[in-house]
Amino acid sequence: MSGPNDNYDPKQVAALSAESLDAMVAAALEAFAVASDPAALKEARLAHAGERAPIALANREIGALPPAARKDAGQRIGAARGRITEALAARQVEVDAAELERALVEETVDVTLPVDLAPQGAIHPITGLIDLMSDVFVAMGWEIAEGPEAEAEWLNFDALNISADHPARGESDTLFVAPADSHVVLRTHTSPVQIRSLLDRPLPVYVVCPGKVYRADEFDATHVPVFHQIEGLVVDKGITMAHLKGTLDHLAKEMFGDIRTRFRPNYFPFTEPSAEYDLECFVCHGASVGNPDAPCKTCRSEGWIEWGGCGVVNPRVLEAAGVDSSVYSGFAFGMGIERTLMFRNNAADMRDMVEGDVRFSRMLKGESR
Ligand code: DAH
């Protein structure tokens, strides 16, 4: 640094030489030119036009010059600074314009896209399927019957000819409503509505009863402790098992299209004779039967899957409801709605049906209604 009393020519102060100033300007212009975004240009500005930039440091040298030399040096520095500032301003305009262009492209918002401010819920697939199955019967002139979920033990069991020592009454299956001597249970099936319908309505009776049932069951992919059944009951003069078969085949066709069905002898206390109603396996269509090379998990290579139980109403049940079994006869059936949904929609896990995720409902909505 120069001392105040020396007789300097400003051109001899290295930082103030024309070459130095030109080099500073050139370096600044070059740095501005290559800075292509606002952050890079800011860096270049601090380096070449900031307080610690070479040109600013050179400016401080002026004070060290003899007074006569200051004017000339000041003018030259000023000119150099002017070029730098001008180049910076010009480049700033370019970089800002490019930045705006980029943001407009990258951050484009399509304001014409539809907005779902209040997403709609969906009918639960079980509800949808109940409506669909009920409609099949309403279309044939049947009525919809209802009964309570907390049901008299007598209606749930005794009136249906299920004796006190029947295994289904055990505490392992049935949920009893406290106190124990209330003789109220959470209905284990929709069959008590058979009795209620016979007690409530004039004959003949043609009813279906969809509803919730409860069992002290596991909670896994194929069992839930609260599920749904649909019960059917016809009591009229001259009703036979053939009417039952025709009715169930019509329902099966409405639910599954052309599908083979069969009755398989079984026992229920409230029907005699009784049968399980089977559907042809909708996965292997019977191809797995006797074919160990192509086993079927769905039907366990039996070719058939059970859909529900049914039979001719046991005269004891008619008598328990005050119906003259020498004049009237009837048929009844009951099947699980969850199982039906599984068959119709390939819904493999029953837990999805109770978890209430609206995506599950939306997925199956169109299919069940
Ligand atoms: N209630 C029976 C059950 O829960 C199903 C059933 C079988 C209903 C035969 C009926 C019937 O009406 O006739 O397993």
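**Exercise 1. The cover of helix 10**

Task: In this predicted model, determine which residues of helix 10 are buried.

Solution.
Step 1. The residues of helix 10 that are buried are I337, E338, T340, L341, M342, F343 and N345.
Step 2. Helix 10 spans residues 337-345, and seven of its nine residues are buried, so the helix is described as mostly covered.
Step 3. Just after helix 10 comes N346, whose phi is positive, at about 55 degrees.

**Exercise 2. The two sides of strand 10**

Task: Establish which residues of strand 10 point one way and which point the other way.

Solution.
Step 1. A general rule is needed to begin: side chains in a regular strand alternate between the two faces of the sheet.
Step 2. In strand 10, S329, F331, F333 and M335 point one way, while G330, A332, G334 and G336 point the other way.
Step 3. The residues of both groups are buried. Because eight of the eight residues of strand 10 are buried, this strand is largely enclosed by the rest of the structure.

**Exercise 3. The partners of strand 10 and strand 6**

Task: State how many bridges join strand 6 to strand 10, and in which sense the two strands run.

Solution.
Step 1. Strand 6 and strand 10 run antiparallel and are joined by eight bridges.
Step 2. Individual pairs can then be located. The bridge partner of E231 in strand 10 is G334, and that of Q229 in strand 10 is G336.
Step 3. Strand 10 also pairs with strand 9, in the antiparallel sense, over five bridges. Here G311 has A332 as its bridge partner in strand 10.
Step 4. Strand 6 pairs in turn with strand 5 (residues 205-214), again in the antiparallel sense, over ten bridges. In this pairing the partner of K212 in strand 6 is H228.
Step 5. The cover of strand 6 completes the description: ten of its eleven residues are buried, so strand 6 is largely enclosed by the rest of the structure.

**Exercise 4. The surroundings of the ligand**

Task: Identify which of the 15 residues around the ligand come nearest, and describe the polar contacts of the ligand.

Solution.
Step 1. The residues that come nearest are H189, S191, R215, Q229 and E231.
Step 2. For two of these residues, a side-chain distance is available. A ligand oxygen lies 3.0 Å from an N or O atom in the side chain of Q229. For the side chain of E231, the corresponding distance to a ligand oxygen is 2.6 Å.
Step 3. The backbone also takes part: an N or O atom of the F333 backbone is 3.3 Å from an oxygen atom of the ligand.
Step 4. The ligand taken alone exposes 350 Å², of which the protein buries 89%.
Step 5. Strand 6 (226-236), strand 9 (304-313) and strand 10 (329-336) are the elements that give two or more residues to the shell around the ligand.
Step 6. Sorted by class, this shell holds five nonpolar, eight polar and two charged residues.

**Exercise 5. E151 and T108**

Task: Decide whether E151 is buried or exposed, and do likewise for T108.

Solution.
Step 1. E151 is found in strand 2 (residues 150-152).
Step 2. The relative accessible area of E151 is 1%. Because buried means under 20%, E151 is buried.
Step 3. The side chains of E151 and R196 are joined by a polar contact of 2.7 Å. Among the residues that E151 touches are N156, H183 and P192.
Step 4. T108 lies in the loop between helix 4 (67-106) and helix 5 (125-138).
Step 5. The relative accessible area of T108 is 54%. Because exposed means over 50%, T108 is exposed.
Step 6. A polar atom of the T108 side chain lies 2.6 Å from the backbone oxygen of L104.

**Exercise 6. Backbone angles**

Task: Find which peptide bond involving P204 is cis, and what phi values H183 and R300 adopt.

Solution.
Step 1. The cis peptide bond joins L203 and P204, with omega about -5 degrees. P204 is in the loop between helix 7 (192-200) and strand 5.
Step 2. Another cis peptide bond runs from E272 to P273, with omega near 0 degrees. P273 lies in strand 8 (residues 271-280).
Step 3. H183 has a positive phi, near 55 degrees, and is found in the loop between strand 3 (176-177) and strand 4 (184-186). Its relative accessibility is 47%, so H183 counts as partly exposed.
Step 4. R300 has a positive phi near 50 degrees and lies in the loop between strand 8 and strand 9. With 70% relative accessibility, R300 counts as exposed.

Technical notes
Residues numbered from 1 in each chain as written. Predicted model: local features only at pLDDT ≥ 70, side-chain atom pairs only at ≥ 80, totals over all residues. Heavy atoms only, no water. Near = heavy atom within 4 Å. Polar contact = N/O pair within 3.5 Å; in protein donor to acceptor, adjacent residues only side chain to side chain. Areas by Shrake-Rupley, 256 points an atom, 1.4 Å probe, with all protein chains shown as cover. Helix = DSSP H or I, 4+ residues; strand = E, 2+ residues; numbered from the N terminus. Nonpolar A, V, L, I, M, F, W, Y, C, P; charged D, E, K, R; others polar. Buried < 20%, exposed > 50% of the residue type's maximum accessible area, 1.4 Å probe, protein only. Contact = heavy atoms within 4.5 Å. Pairing = 2+ DSSP bridges. Lists of a residue's contacts leave out its neighbours within four places in sequence.
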